[in-house]
Amino acid sequence: MRQELLSLLQPVRTTISKKQWKHIETADKWCCEKYIHPPQAIGHKSKEESLGVIELLLRLHQDAATFTTALLYPLLKQQSVELSEIRETFGKEIATICESLLKLPTFDIPEQSEQNEQALLKQQAESFSKMLLSIAQDMRVILFKFCERLFFLKQLEWIPIKQQRIVAHECREIYAPLSNRLGISWLKNELEDLSLRYLYPHDFYGLVEQLNSKQNERKDYIEDVKQTIEDICQREDITCDVAGRSKHINSIYNKMRKKKLTFSQLFDVTAFRLICETKAECYQLLGAIHSHWKPIPGRFKDYIAVPKPNLYQSLHTTVFGPHNKRMEIQIRTHEMHRLAEEGIAAHWLYKEKNNSNATKQSPTVEKFQWLRNLLQLKDERDDAQAFMASVRDYLEEEEVFVFTPKGHVKELPKGATALDFAFSIHTDVGYTCVGAKVNNKIVPLRYELKNGDLVDILTSPSSEPKQHWLKFVYTNRAKTKIRSYLRLEQREQALAKGREWLEKELPTNNKSINKLLKQNLFAPVLDYYNQASFDELLMQIGFQKISAEDVVLRLFPPEQTKEEPEEIELVTQSQPAKRRSSRGVLVDGMDDIMAQLAGCCNPIPGDPIVGFISRGRGVIVHRKNCAKIQSRDPNRHVEVSWHTGQEASHTVHIRVVSENRPGLLSLQSKIFADLNINISAAQCETDDDEAINTFKCQVSDLHQLKRVLRQLEDIRGVLAVQRLRH
């Protein structure tokens, strides 16, 4: 065994059995013999990487199986050994950990190109999804990955700057917040500080220099405060360990940026940790500290009574210390301190005395509400990028702790409302919510919850989600549930509209949709429109994506009802009637033929047109691309043209899809007014992201229509503009 490895494991040698030690020795021998140089996997400069990872794993109080895995995993990645060899030599437990690690994507640094960076983001999303599941199966997998990533972060000098930023950004945005949620504070602090070093080197080294310049002064200040606290503990007859330190660089950087302060304007760059024997002593010491130094209002947090989601417990307070300088003080017991340092590692099932249950699923998912929320978030986000964005937001959120009427504690992100609380209780409670009582007072559903609030939700069986709820609801869970309900409701409304519109278009002798369905007449129509069911077809009609008139034409083609050929005379009209009915159309160059514009496509001057000779109604004028005229008897088509000498207004329907934000409807209406176009009717529909406005208006010709369409498209925030057929 290498001397370095022996020295590392010496402090835990007595906790490792002979069989486990034999496994470590064998794995180290393999590592020395089978290591491939140069390495195939980027990020592994030498076999000494395994020693660096083991050193970090020791700080997490890992077991012998994890140390063995740390030696074997680099060999697996380089394909120097097979998983079957590991299972045969080291047993099922170590092989299972190695297999779980192999399922996580290997972190490879891409070439410097935008396309590869996008691919990397997708890879990170997939990797995080799998890591999330590994937490629920075996905590050793995720903690090994953390240590590997931290070791890698410490070795970034040898890769290009652009790639350094990619790795550091991932660690800062995902790994550091996740390690914080797991309760491993030292890991979170090191990941944040190292990430800051590579992302913002100028700011990082500037802070290091300023901290070093006042190091002696700060050291004297810490010793002075420690002596005062020890004197207080002696008077109170409390045994207490006192430690003082400078805050972490990333913490100082975030505070400077958030409050827009310079380093010289910061007063609380030092923090003190007091570790007592019992919970009662923590509160006793807090009272003594507040009696000696004046506490700052609003800066006290009791995480002992209400622990954080990662089970962290401590009393936090900020006081005006010596020389009127602010300083943060944390008070906790030894057990609380152990949990704060080890975090979730203290709750592993395989660390319990009954080792026979080691292969069972970890109880982590049951113990940590935030992990359940993240796993649910994964199920609700199909797109990898959207999932990562939601995860990033969730991990960075601060929490508030509120109480149910029965006294149970609910953890919600800061900014959550009473409506979010209702959905956190149960989806049906959210759906039927009509109001809320907070601390026995009626509040609106948009009320933002605060720490310690007692919340009681008022419900009604007749209530249902509203569209405007999306404007103030905060949590992803509530938003997803509301959108799902509203989407289902819109589908039902579209289904009813589609059926109604289809029935109106059906011929008089075939008005029964049920009868047509029994005859299976809709089958070819469904195939043509690529719809899975008749209900889907109705919904497409209801959403105005398919025309009911076109469906009827497909259902009853003209050739099926084609009359016997006969001579049809063009009906002439008297001169007074011509101005009322010809609508500025010449039929075969004549202006005394009765003609009318088709309502299905609403042609306007400038549109290419064609006429259809009807019985008793003269010539019906259609746009040449109208589906209805294309499906009719071509023998009854007649050439028509626009009469340039006449002026008239023509009805058109225009649909505008835009972002859902204030002022856009006003801008659209102004364009119609500026072009002297009259709006005779308008229909406005909105959802959380988009607004759909349909205008019925009168234009003089195609030129005027194109002008209004073009100007509507130029409005910032307008996504699409379309002339509808009717």
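These questions and answers cover salt bridges and a small sheet in a predicted model.

Residues are numbered from 1 along each chain as its sequence is written. In this predicted model local features need pLDDT of at least 70 and side-chain atom pairs pLDDT 80 or more, while totals for chains, interfaces and linings use all residues, and side-chain values use heavy atoms, without hydrogens and water.

Me: How many salt bridges does a search of the whole structure find?
Reply: A salt bridge is a side-chain nitrogen of Lys or Arg within 4 Å of a carboxyl oxygen of Asp or Glu. The search of the whole structure gives 15.

Me: How far apart in sequence are the parts that Lys 77 and Glu 148 tie together?
Reply: The two form a salt bridge, with the closest N and O atoms 2.7 Å apart. Lys 77 lies in helix H4 and Glu 148 in helix H8 (helices are DSSP runs of H or I, at least four residues, numbered from the N terminus). The pair therefore ties together parts separated by 71 residues.

Me: Is Glu 148 buried or exposed?
Reply: Buried means under 20% relative accessible area, exposed over 50%, partly exposed in between (1.4 Å probe, protein chains only). Glu 148 has 8% relative accessibility, so it counts as buried.

Me: Which strands are the edge strands of the sheet E13-E15-E14-E16?
Reply: Strands are DSSP runs of E, at least two residues, and two pair if DSSP finds at least two bridges between them. The sheet is open, with mixed pairing. Those that pair on one side only are E13 and E16.
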